[in-house]
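Could you open the structure in your viewer and keep the selection tool at hand? We will go from stop to stop, with a selection to make at each one.

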Amino acid sequence: MKATLRYFPVGCADTTLIELPDGRLVLIDFADFGDPLNPSDKRIELSKALKKLLDERDRDYIDVVAFTHLDDDHVHKASEFFWFEHADKYQDDERIKINQLWVPAAAITEVGSENDAWAIRQEARHRLKNGKGIRVFSRPERLKDWLAENGLSPEDRQHLITDAGRTVPGFSVDDAGHVEFFVHSPFAWRLNDAEVEDRNGDLFAFQARFLIGGNETRVLFFSDLAHESLTQIVETTKRHKREGALLWDVAKAPHHCSYLSLSDEKGTDKTVPVKDVAWIWEDQGQEGCIIVSSSPPIPEKNTKADKDKYPPHRQAANYYREVIEDKDGEFLVTMDHPNQFNPRPVVIEIGASGAMVLKTVSVGTSAIVATPARAGSE
């Protein structure tokens, strides 16, 4: 009995698939940038890879598709891949259906959306109006206003809304999925205080806690949060004495290994994180933990890429590597796994012995060659 995490090599973007022991699939973001006609483009053909995996499981749907926010590197080509209920043009036999759509409240209320972001916003609005097939995270005043404009109230849709500090209904460590999802973000007050939505600040972030064979394994998904937002999460978590919700055995380096998720100061050779963010990585990470950077290979010192303002940043990676070294863990980069010439998904199995990285994988089905169990504690 195992769960599986697949971090796809999609460039400086995010797509992760969680497969639960009961077979349910939870997809976190969708960013298909791979160009099969360009031999130098090593990004995976995400649509092809996901359809192959679904064909192997004889299904044309995904149980949950969560868009942490609507930036293009988290939604690219989603409107071409998924069956959307709100318009006929998004419906044909080749498209993949979504049983439940997860979005932050800002994805409902934002204005000025375009392309894939617009299509997802319209789908989320359609499902929320109809009262099914969706879960919205946070209930800011702006969402209440939008509901009122559509003849609804938060009370009418409260069964579809989950606030930060709560777990997502329908999942439990005691059921066949052996997982619960604890919501860390967004905070309603952030949206209330802002004049417009801030996608990165108001995104959906969470901890997945697995309990398999009596062993707990915790996985953090912080998406593109900056250090200011992470500090707010730490302060709120400590105030409510829920420190366990920030323990981790596996985590994705936020914002594609950007130094801004650690501090305002990049540093010369290593980013030194602000106090509360250091607490997450240094105090809450468990022995043998795993950090995954969903990014291109980490640039080398004094190269042109090293001076780029866009992630990944060598200085941030050096900090994460230091954390991992202290805990006898692993630091993995999606576009450099197993090598940058032929990257394949980072596949992590979670079972009774904790989390292990599979060293040999195929796109659809995990192979059986794996490292010894590393992350997870009794």
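A word you will meet throughout this tour: a residue is called buried when its relative accessible area is under 20%, exposed when that area is over 50%, and partly exposed in between. Please keep in mind that the model is predicted.

**Stop 1: the cysteines**

Select Cys 289 to begin. With 0% relative accessibility, Cys 289 is buried. Next, add Cys 257, which is buried too, at 0% relative accessibility. How far is the sulfur of Cys 289 from the closest cysteine sulfur? The distance is 14 Å, to the sulfur of Cys 257, and that is too far for a bond. A disulfide is a covalent bond between two cysteine sulfur atoms. Searching the whole structure turns up 0 disulfides. Now bring in Cys 12: its sulfur is the nearest cysteine sulfur to that of Cys 257, at 9.6 Å, and Cys 257 takes part in no disulfide. The cut-off for a disulfide is 2.5 Å between the sulfur atoms, so the 9.6 Å between Cys 257 and Cys 12 does not qualify.

**Stop 2: salt bridges**

Side chains of opposite charge can pair when their charged atoms come close. In this model there are 27 salt bridges, and we will visit some of them.

Select Asp 63 and Arg 59. They form a salt bridge in which the closest N and O atoms are 2.7 Å apart. Are these two residues buried or exposed? Asp 63 counts as buried at 15% relative accessibility, and Arg 59 counts as buried at 14%.

Move on to Arg 218 and Glu 216. Here the closest N and O atoms of the salt bridge lie 3.2 Å apart. Arg 218 is buried, its relative accessible area being 5%, whereas Glu 216 is partly exposed at 25%.

The next pair to select is Lys 359 with Glu 330, whose side chains meet in a salt bridge at 3.0 Å, N to O. This pair links distant parts of the chain, 29 residues apart: Glu 330 belongs to strand E13 (residues 330-333), and Lys 359 to the segment after strand E15 (354-358). Lys 359 is partly exposed, with a relative accessible area of 36%, while Glu 330 counts as buried at 11%.

To finish this stop, select Arg 6, Glu 19, Lys 52, Glu 56 and Arg 57 together. Salt bridges with shared partners join these residues into one network.

**Stop 3: a negative patch**

Switch on the surface and select Glu 282, Asp 283, Glu 325 and Asp 326, which form a negative surface patch. Which elements give two or more residues to the negative patch? They are helix H10 (275-283) and helix H11 (314-326). Focus on Glu 325, which sits in helix H11 and is exposed, with a relative accessible area of 66%.

Staying with helix H10, select Asp 276, which is found in that helix. Asp 276 is buried, with a relative accessible area of 16%. Add Gln 232 to the selection: the two residues are 44 residues apart along the chain, and their C-alpha atoms are separated by 8.8 Å.

**Stop 4: the backbone**

Hide the side chains if you like, and look at peptide bonds. Select Ser 185 and Pro 186, where the bond from the serine to the proline is cis, with omega near 15°. Pro 186 is in the loop between strand E8 (179-185) and helix H7 (188-193). Then select His 337 and Pro 338, whose connecting peptide bond is also described as cis, with omega near 0°. Look for Pro 338 in the loop between E13 and strand E14 (346-351).

Two histidines come last. Select His 178, where phi is near 55°, a positive value in a residue other than glycine. His 178 lies in the loop between strand E7 (161-162) and E8, and counts as buried at 16% relative accessibility. What is phi for His 255? For His 255 phi is positive as well, about 50°, although the residue is not a glycine. His 255 is in helix H9 (residues 254-257) and counts as partly exposed, at 21% relative accessibility.

Methods. Residues numbered from 1 in each chain as written. Predicted model: local features only at pLDDT ≥ 70, side-chain atom pairs only at ≥ 80, totals over all residues. Heavy atoms only, no water. Salt bridge = Lys/Arg side-chain N within 4 Å of Asp/Glu carboxyl O. Buried < 20%, exposed > 50% of the residue type's maximum accessible area, 1.4 Å probe, protein only. Helix = DSSP H or I, 4+ residues; strand = E, 2+ residues; numbered from the N terminus. Patch = residues over 30% accessible without salt bridge, like charges linked within 9 Å, V, L, I, M, F, W, Y side chains within 5 Å. Areas by Shrake-Rupley, 256 points an atom, 1.4 Å probe, with all protein chains shown as cover. Lys, Arg positive; Asp, Glu negative; His and termini not counted. Charge placed at Lys NZ, Arg CZ, Asp CG, Glu CD.
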